[in-house]
Amino acid sequence: MTTRVAVMGIIVEKTESAGKLNTLLHEYGDYMIGRMGIPYRKRGINIISVCLDAPQNTISALAGKIGNIDGISVKTSYSNVAYEE
């Protein structure tokens, strides 16, 4: 299996959607390297970065599911190096 390292930048604008996001992130927890969340109280949003090591289609699937949650935006940046597991 070929995996890639990626970072997802997630912005939560509607806190009521955070539960759905957390459920999804938990489902993909085996692929997570780490996660950091920053509440930006001045703007009323939360900023989350998630580092993953997973097959590209798995990373894309997670990003697509996150992007379909109302009030949440996501962008993904991939490393150029692929790893064989």
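The following exercises, with worked solutions, concern a predicted model of one protein chain.

**Exercise 1.** Determine how many helices and strands the chain has, and in which order the elements run.

*Solution.* Begin by counting the elements: there are two helices and four strands. Next, read them from the N terminus on; the order is β-α-β-β-α-β.

**Exercise 2.** Assess whether the radius of gyration of the chain agrees with that of a compact globule.

*Solution.* First, take the expected value: for 85 residues, a compact globule would have a radius of gyration near 12 Å. Then take the value for the chain, which is 13 Å, and this agrees. As a further description, the C-alpha trace spans about 40 × 20 × 15 Å along its principal axes.

**Exercise 3.** State what share of the residues is buried, and what share of the exposed area carbon and sulfur atoms supply.

*Solution.* A residue counts as buried when its relative accessible area is under 20%. By this criterion, 31% of the 85 residues are buried. The chain exposes about 5300 Å², of which carbon and sulfur atoms supply 51%.

**Exercise 4.** Describe the largest nonpolar core and the place of Leu-21 in it.

*Solution.* Start with the membership: the core holds 19 residues, and Leu-21 is among those that touch the most other members, together with Met-8, Ile-10, Val-50, Leu-62, Ile-66 and Ile-72. Then identify the contributing elements: strands E1 (2-12), E3 (45-54) and E4 (72-84) and helices H1 (18-27) and H2 (56-67) each give two or more residues. Finally, list the contacts of Leu-21: leaving aside residues up to four places away in sequence, Leu-21 touches Ile-10, Val-12, Ile-48, Ile-66, Ile-69 and Ile-72.

Definitions and conventions:
Residues numbered from 1 in each chain as written. Predicted model: local features only at pLDDT ≥ 70, side-chain atom pairs only at ≥ 80, totals over all residues. Heavy atoms only, no water. Rg over C-alpha atoms; globule rule 2.2 N^0.38 Å. Buried < 20%, exposed > 50% of the residue type's maximum accessible area, 1.4 Å probe, protein only. Areas by Shrake-Rupley, 256 points an atom, 1.4 Å probe, with all protein chains shown as cover. Core = buried A, V, L, I, M, F, W, Y, C linked by side-chain atoms within 4.5 Å. Contact = heavy atoms within 4.5 Å.
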